[in-house]
Amino acid sequence: MQWQKDIDLTHKNSFGFPAIADHFAEVDQIEDLESVLDSVEKNGWPLLILGGGSNLVLREKIPGAVLSVATQGLNILADNEHTAIIEVGAGENWHGFITQLLQKGLHGLENLALIPGSVGAAPVQNIGAYGVEIADCFHSLTAYDRINKELVQLGKDECQFGYRDSLFKSDAKGRYIIWTVRFSLSTVFTPKIGYKGISDHLDALGIVEPSAYQVYQAVCDIRMGKLPLPTELGNAGSFFENPIVTESTYQRLKAQFPDIVAYPDKAGHFKLAAGWLIDRAGWKGCRVGEVGVYDKQALVLVNYGQGLATDLLKLAEDISLSVKNQFDVKLKIEPRIYPE
Ligand code: EPU
């Protein structure tokens with residue numbers, strides 16, 4: 001297995017930031033994976049596992065090695081009257097996978113249509129949208145364990161899924177390389193349309209009992225209206241997490257800003273819409289040189305073409321500071337910054 005040297009990653013990250021990787025390899029065979037990991041270890045290189053690059057802020061120089069997992073394919077492992085367990089390669093495109101499920105009549109993940117990125121990246125941050133997150137249909141995954149140097153199976157509990165969080169971002173960061181992912185899906189469609197955005201959209205179309213295709217299409221339409229396509233305008237979806245605050249903080253804010261948008265969260269806590277905070281702080285649609293805040297969704301930061309990670313991180317810092325000053329709430333950046 002040969003390394004490619006000085007590889008340009010501009011088109012491998014959804015912000016489109018220029019970044020040069022010292023060493024790059026793409027693997028879809030375990031023997032190749034073992035061989036490249038061996039050389040990473042021998043050389044003492046830092047290693048970045050690159051999925052779809054859609055939740056990543058890349059700086060210009062990427063030292064060490066970048067590895068892309070290209071495992072493909074979708075197999076039905078087991079099915080009965082109501083459920084099917086399917087296995088999919090980590091290198092598959094997420095939206096392509098969701099579209100294939102729709103065609104096969106396998107349900108549960110429709111609300112996650114059009115999320116950019118790869119299947120292998122999805123468990124890392126437990127991707128979620130419109131009232132569904134992958135943990136809801138997750139079965140298990142196969143990953144390469146870099147410590148014990150073997151393939152392992154990890155079940156749902158072991159993956160420790162939380163809001164935009166998992167084992168792979170916290171306790172075991174860098175340890176596992178996700179190879180295939182298994183989902184438990186339903187052959188009977190039950191729409192999950194409790195999320196206001198979806199129900200409003202379907203109501204406007206006069207759809208009362210939507211089909212799986214109609215929910216999928218509604219999600220695609222809503223996303224297209226609010227989130228820029230990375231191929232047209234560089235972005236990584238939501239740039240900040242929605243902050244979770246205590247009830248007393250929420251009550252303080254609600255008294256001061258009666259129209260604040262928040263949702264009850266785990267016991268005694270509230271999840272604030274970071275988009276509302278940033279919007280209210282006056283940032284929506286602001287452009288600073290080559291980067292800015294998207295004009296249809298304040299939670300999305302964009303690269304107009306020639307921006308760099310440093311420009312974007314400076315903007316993010318200014319936004320965080322103004323939100324802190326105005327609301328006394330701390331924002332947390334959602335995508336990974338590499339090198340940190
Ligand atoms: N809002 C504003 N101004 C804005 C944006 C939002 O006032 O500029 C308010 C609106 O009232 C809106 C509310 O904030 O109703 C929530 O906005 P939205 O429904 O667009 O969802 P979000 O909280 O901004 C989250 C996820 C998205 C996901 C959507 C839909 C996070 C960090 N983001 O966004 O995920 O698609 O809900 O479920 O949890 C991503 O993670 O990259 C992502 C796009």
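User: Where is Asp 328 found?
Analyst: Asp 328 sits in the loop between helix H7 (309–327) and S20. Helices (H or I, at least four residues) and strands (E, at least two) are DSSP runs, numbered from the N terminus.

User: Okay, and what kind of model is this?
Analyst: This is a predicted model, where local features need pLDDT of at least 70 and side-chain atom pairs count only at pLDDT 80 or more, while totals for chains, interfaces and linings use all residues. Residues are numbered from 1 along each chain as its sequence is written, and side-chain values use heavy atoms, with hydrogens and water left out.

User: Back to Asp 328, then. What is its phi near?
Analyst: Phi of Asp 328 is near 55°, a positive value in a residue other than glycine. Most residues other than glycine have a negative phi, and most peptide bonds are trans.

User: How accessible is Asp 328?
Analyst: Asp 328 counts as partly exposed because its relative accessible area is 47%. The cut-offs are under 20% for buried and over 50% for exposed, with partly exposed in between (1.4 Å probe, protein chains only).

User: Which residues does Val 323 contact?
Analyst: Leaving aside neighbours within four places in sequence, Val 323 is in contact with Leu 277, Ile 278, Ala 281, Asp 328, Val 329 and Leu 331. Contact means heavy atoms within 4.5 Å.

User: And is Val 323 buried or exposed?
Analyst: Val 323 has 0% relative accessibility, so Val 323 counts as buried. Val 323 lies in helix H7. From Val 323 to Leu 167, 156 residues apart along the chain, the C-alpha separation is 29 Å.

User: Let's zoom out. How many helices and strands are in the chain?
Analyst: The chain holds 7 helices and 20 strands. Its C-alpha trace spans about 60 × 55 × 35 Å along the principal axes.

User: What radius of gyration does the chain have?
Analyst: The chain has 21 Å, which agrees with the value near 20 Å for a compact globule of 340 residues. That radius is taken over C-alpha atoms, and the globule rule is 2.2 Å times the number of residues to the power 0.38.

User: What share of the residues is buried?
Analyst: Buried residues make up 51% of the 340 in the chain. As for contacts with a separation of 6 or more, 61% of them come from residues 24 or more positions apart.

User: Which domains does the domain assignment give?
Analyst: Domain 1 (4–69), domain 2 (74–186) and domain 3 (234–338). The bounds come from an automatic or database domain assignment.

User: How do domain 1 and domain 2 sit in relation to each other?
Analyst: Their C-alpha centres lie 22 Å apart. In terms of contacts, 17 residues of domain 1 meet 13 residues of domain 2.

User: What about Ser 68, which strand is that in?
Analyst: Ser 68 belongs to strand S5 (residues 61–69). With a relative accessible area of 11%, Ser 68 is buried. Not counting residues up to four places away in sequence, Ser 68 touches Phe 24, Ala 25, Glu 26, Val 27 and Leu 50.

User: Switching again: where is Tyr 130?
Analyst: Tyr 130 is in the loop between strand S8 (128–129) and strand S9 (132–133). Its phi is near 50°, a positive value in a residue other than glycine. Tyr 130 counts as buried because its relative accessibility is 9%.

User: And Gly 131, buried or exposed?
Analyst: Gly 131 is exposed, with a relative accessible area of 62%. Gly 131 also has its place in the loop between S8 and S9. Setting aside residues up to four places away in sequence, Gly 131 touches Asp 136 and Tyr 195. Gly 131 and Ile 198 are 67 residues apart in sequence and 9.5 Å apart in space, C-alpha to C-alpha.

User: How far apart in space are Pro 258 and Glu 87?
Analyst: Their C-alpha atoms are 47 Å apart, with the two positions 171 residues apart in sequence. Pro 258 lies in the loop between helix H5 (247–256) and strand S15 (262–264), and Pro 258 is exposed at a relative accessible area of 56%.

User: Last one: what joins Tyr 338 and Pro 339?
Analyst: A cis peptide bond, with omega about -15°. Pro 339 is in the segment after strand S20 (336–338).
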